[in-house]
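Work through the exercises below with the sequence and coordinates open. Each task is followed by a stepwise solution.

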Amino acid sequence: MFARTHLAHMSTLPVRSLKYVCSDFITAVWYNTPPPSCARRLFDVPCLSCLARRSVCVAIAAFLLTYFLIMDILLFKRFAQIQLSQDSSVGREDEVYSPLTHFSVKGLLNDHPSQFIVVPSTEYVDSILGFSNRFITPDVISYSHLLCGFIAGKFLASNHLLDRRIGVMLYEFRTWLDSLDGTVYRAQAGLRLKYHSNHSSSGYFIDSIFDTFGGFFLCLGIFYYLKKRFGVGHGELQANGYKLHSNIPDAVVTLDNDRTTTESYSERYLLWKTFLFGLSLAVAGKCWDLAVDDFTNVYEYQFKKESSFSTMQTEYSHSHVTLVIFYLWRLCGGQSVLNYVLIAIFLDKTWQFLQYMPYVFLGASSLLYIATCIYLFQVSSALHL
């Protein structure tokens with residue numbers, strides 16, 4: 001019924017109003033209609049229902065932090081024994097993947113979940129199922145993670161916590177598919193285990209556009225969720241049989257009988273908060289990408305083996321300053337910022353995260369990139385690059 005009414009309304013509008021129709025359509029699909037409730041039944045499964053328990057979440061977080069710490073120690077211990085310009089080579093077809101081999105700047109600056117969970121799993125899945133040996137192309141996988149990001153955004157816009165948690169899982173699966181298309185591309189291009197971005201390929205352009213859309217869907221889902229929770233005209237609260245409704249922007253309404261507080265903000269204010277997060281995510285991602293290219297041009301440049309510059313290059317790459325900058329990028333890159341907000345959404349702390357963290361990451365990524373440029377300028381001057 002809605003589809004027929006909406007299409008009939010579209011036919012009566014001029015072309016210049018098409019953008020408003022599209023806006024109304026997105027609002028109707030994402031804002032006015034909830035995601036299918038059947039998805040919540042996933043949490044009826046024992047292995048998933050336990051994820052809603054705080055003790056389980058704490059245990060998983062402790063395990064992952066311990067795992068990441070151990071892998072970091074092993075990774076940087078081996079990194080001290082290799083030369084990036086030599087180790088960042090193409091792997092053999094029969095070589096088993098390991099996160100501690102074929103080091104590259106891109107891999108060393110990767111966030112922890114991508115480096116130690118996402119990338120290894122995509123490599124193992126491709127080795128077992130042979131996606132790269134079939135008709136599946138990286139672009140097909142890119143289109144699939146675009147669709148997955150759209151569906152995830154729909155769930156993230158829900159005012160039901162279980163729906164938002166499902167949205168987080170779907171978005172993490174989108175991230176996994178995004179990594180899988182890179183794995184398939186490298187295998188089909190004869191660059192297996194060589195972790196570099198080919199900026200001149202059409203696949204890189206498509207993947208970048210779809211990643212941008214993925215971030216847009218995430219921000220749109222967050223905005224619609226905030227609008228449902230805090231938006232003016234939606235501040236109706238049921239408490240002990242009484243209803244309180246507020247139409248005042250930026251107002252705080254309190255019910256004394258149960259000490260429940262409902263905040264109501266203007267749509268412009270909520271949009272501004274969401275925009276700041278999107279801006280911090282975009283800046284962190286772009287700065288990370290530029291830092292990877294800059295470090296690659298310096299530390300993966302091929303000198304002659306007998307050249308003194310090759311020895312200096314290795315010494316600089318293993319210096320404490322380089323290691324600190326590498327590790328800071330692992331914590332402040334675009335994918336890391338994405339992981340942080342997904343954790344906040346899963347823990348139902350979205351609004352608390354958006355209050356101050358976008359400013360932190362916006363400043364941190366910008367200052368870190370400036371420091372990276374200054375440092376690499378000194379290194380490249382010493383190496384005569």
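**Exercise 1.** Check whether the length of helix α4 (residues 54-79) agrees or disagrees with its residue count, and find what its buried residues pack against.

Solution. Step 1: the expected span of a helix is 1.5 Å times one less than its number of residues, so the 26 residues of α4 should span 38 Å. Step 2: the end C-alpha atoms of α4 are 37 Å apart, which agrees. Helices here are DSSP runs of H or I with at least four residues, strands are runs of E with at least two, and both are numbered from the N terminus. The model is a predicted one, in which local features need pLDDT of at least 70 and side-chain atom pairs count only at pLDDT 80 or more, while totals for chains, interfaces and linings use all residues. Residues are numbered from 1 along each chain as its sequence is written, and side-chain values use heavy atoms, with hydrogens and water left out.

Step 3: buried means under 20% relative accessible area, exposed over 50% and partly exposed in between, with a 1.4 Å probe and protein chains only. In α4 the buried residues are C57, F68, M71, D72, L75, F76 and F79. Step 4: with contact taken as heavy atoms within 4.5 Å, these buried residues of α4 pack against α5, α6, α7 (112-129), α12 (308-317), α13 (320-332) and α14.

**Exercise 2.** Describe how α13 and α15 pack: at what angle, and with their axes how far apart?

Solution. Step 1: fit axes as lines to C-alpha atoms, for helices over the stretch in contact, and take angles from 0 to 180 degrees between N-to-C directions. The angle between α13 and α15 is about 155°, and their axes are 11 Å apart. Step 2: this makes α13 roughly antiparallel to α15, since angles under 35 degrees count as roughly parallel, over 145 as roughly antiparallel, 65 to 115 as roughly perpendicular and the rest as oblique.

Step 3: list the contact residues. From α13, V321, T322, I325, L328, W329 and C332 meet A364, S365, L368, Y369, T372 and Y375 of α15. Step 4: by class, this contact of α13 with α15 has 9 nonpolar, 3 polar and no charged residues. Ala, Val, Leu, Ile, Met, Phe, Trp, Tyr, Cys and Pro count as nonpolar, Asp, Glu, Lys and Arg as charged, and the others, Gly among them, as polar.

**Exercise 3.** H102 and D348 have positive phi without being glycine. Where does each lie, and is each buried or partly exposed?

Solution. Step 1: phi of H102 is near 50°, and that of D348 is about 60°. Step 2: H102 lies in the loop between α5 (84-87) and α6 (105-108), whereas D348 lies in the loop between α14 (334-346) and α15 (350-382). Step 3: H102 is buried, at a relative accessible area of 11%; D348 is partly exposed, at 29%. Step 4: leaving out residues up to four places away in sequence, H102 touches D87, S89, V90, G91, E95, L193 and Y195. One of these, V90, is 12 residues from H102 in sequence and 7.8 Å away, C-alpha to C-alpha.
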